[in-house]
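Trainee: Please take me through the structure shown below, one point at a time. I shall ask short questions and would be grateful for the reasoning behind each answer.

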Amino acid sequence: ADQRMPAMTGAELFKVVKERFPDTLRIILSGYTELESITSAINEGAIFKLLFKPWDDEQLLNEIRGAFSIQQMKAHNRQLMDDLRAINADLERRVEEKTQAYIVSSRALQVSQDILEYSPFAMVGISDENVIVMANEAGRALIGKNTIIGRTAVEVLPKEILDAYNRLQANSDSLMPLSLSFESASKTYNVVLSSFNNQKGMSGVVIVGVVDNT
């Protein structure tokens with residue numbers, strides 16, 4: 001815009017343009033004598049460039065090219081920010097979904113642990129090294145010892161159950177749970193060996209159901 005125009009100066013025009021279209025880059029052409037009248041517009045940032053008359057055509061073209069380059073960079077930055085906001089929103093959604101899934105899994109795990117702990121069946125987990133790695137309440141009561149985790153099956157399992165476990169281990173090539181029953185002291189013991197992770201040759205959970213025959 002020229003500074004000297006009818007009805008409205010270039011500086012006044014650019015103040016309006018800045019309010020309505022703040023992203024517009026504004027270049028004003030002015031004579032040296034009009035510098036004082038546009039000083040406030042310069043101070044308020046309404047003017048991007050001030051070129052004095054008489055202008056050089058090549059300089060004017062370069063300034064306009066530079067303004068377009070700046071606008072393109074601004075547009076590119078806006079697109080990057082939009083993309084970043086979209087990525088962040090998607091990340092927040094994924095985190096929320098993962099958090100909800102974790103909460104559900106944690107609650108399901110807690111319920112499963114409670115079911116395992118208070119099951120009427122005695123359950124004892126034995127590792128490949130024949131070390132006790134878990135035992136529920138009924139399992140601890142059957143063995144008669146509270147401190148059994150980390151000890152070997154030979155140390156803590158009653159002889160009859162240990163013998164049953166060893167016999168089942170000898171046939172552990174099958175993926176199906178193996179079971180056998182025996183009677184002792186007027187009680188029937190049903191012993192089941194279920195392998196960890198359904199893998200052949202692995203130790204697993206010894207499940208013992210006791211039936212009082214008296």
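Trainee: With which residue does Lys-159 form a salt bridge?

Mentor: A salt bridge requires a side-chain nitrogen of Lys or Arg within 4 Å of a carboxyl oxygen of Asp or Glu. This is a predicted model, in which local features need pLDDT of at least 70 and side-chain atom pairs count only at pLDDT 80 or more, while totals for chains, interfaces and linings use all residues. Residues are numbered from 1 along each chain as its sequence is written, and side-chain values use heavy atoms, with hydrogens and water left out. The closest N and O atoms of the pair are 2.9 Å apart, and the partner of Lys-159 is Asp-163.

Trainee: In which helix do Lys-159 and Asp-163 both lie?

Mentor: Helices (H or I, at least four residues) and strands (E, at least two) are DSSP runs, numbered from the N terminus. An α-helix has 3.6 residues a turn, so residues three or four places apart point the same way. Lys-159 and Asp-163 are 4 residues apart, about one turn. The helix that holds both, residues 159-169, is α6.

Trainee: Is Lys-159 buried or exposed?

Mentor: Buried means under 20% relative accessible area, exposed means over 50%, and partly exposed lies in between (1.4 Å probe, protein chains only). Its partner Asp-163, at 31%, counts as partly exposed. Lys-159 has a relative accessible area of 59%, so Lys-159 is exposed.

Trainee: How many salt bridges are there by this rule?

Mentor: Side chains of opposite charge can pair when their charged atoms come close. Some of the pairs share partners, and in this way Asp-90, Arg-93, Arg-94 and Glu-97 are joined into one network. By the rule, the number of salt bridges is 10.

Trainee: How many residues apart in sequence are the parts that the pair Asp-2 and Lys-53 ties together?

Mentor: These two residues form a salt bridge, with their closest N and O atoms 2.8 Å apart. Asp-2 lies in the segment before α1 (10-20) and Lys-53 in the loop between β2 and α3 (57-117), so the parts tied together are separated in sequence by 51 residues.

Trainee: Which residue in helix α3 pairs with Lys-49 of strand β2?

Mentor: The closest N and O atoms of this salt bridge are 3.7 Å apart. Lys-49 is partly exposed at 31%, whereas its partner is buried at 18%. The pair joins strand β2 to helix α3, so parts 14 residues apart in sequence are tied together. The partner in α3 is Glu-63.

Trainee: How far apart are the end C-alpha atoms of α3?

Mentor: The expected span of a helix is 1.5 Å times one less than its number of residues. For the 61 residues of α3 this gives 90 Å. The distance found agrees with this, and the end C-alpha atoms are apart by 88 Å.

Trainee: Which strands are included in what covers the buried residues of α3?

Mentor: The helix has Leu-60, Glu-63 and Ala-67 as buried residues. Cover is judged by contact, that is, heavy atoms within 4.5 Å. The elements covering these residues include β1 and β2.

Trainee: Which residue of β2 is the bridge partner of Ser-30?

Mentor: Two strands pair if DSSP finds at least two bridges between them. Strand β1 (residues 27-30) and strand β2 (residues 49-52) pair in the parallel sense over 4 bridges. Ser-30 is in β1 and is buried, with a relative accessible area of 0%. Its bridge partner in β2 is Phe-52.

Trainee: Which element gives the largest share of the largest nonpolar core?

Mentor: A nonpolar core is a set of buried Ala, Val, Leu, Ile, Met, Phe, Trp, Tyr and Cys residues joined through side-chain atoms within 4.5 Å. The largest one has 23 residues, and Ile-126, Val-191 and Val-206 are among those with the most contacts inside it. Elements giving two or more residues include β3 (122-126), β5 (178-184) and β7 (204-212). The largest share, 5 residues, comes from α6.

Trainee: How many residues are in the second, separate core?

Mentor: In soluble globular proteins, nonpolar side chains tend to be buried together. The second core includes Phe-14, Ile-28, Ile-38 and Ala-46. Its number of residues is 8.
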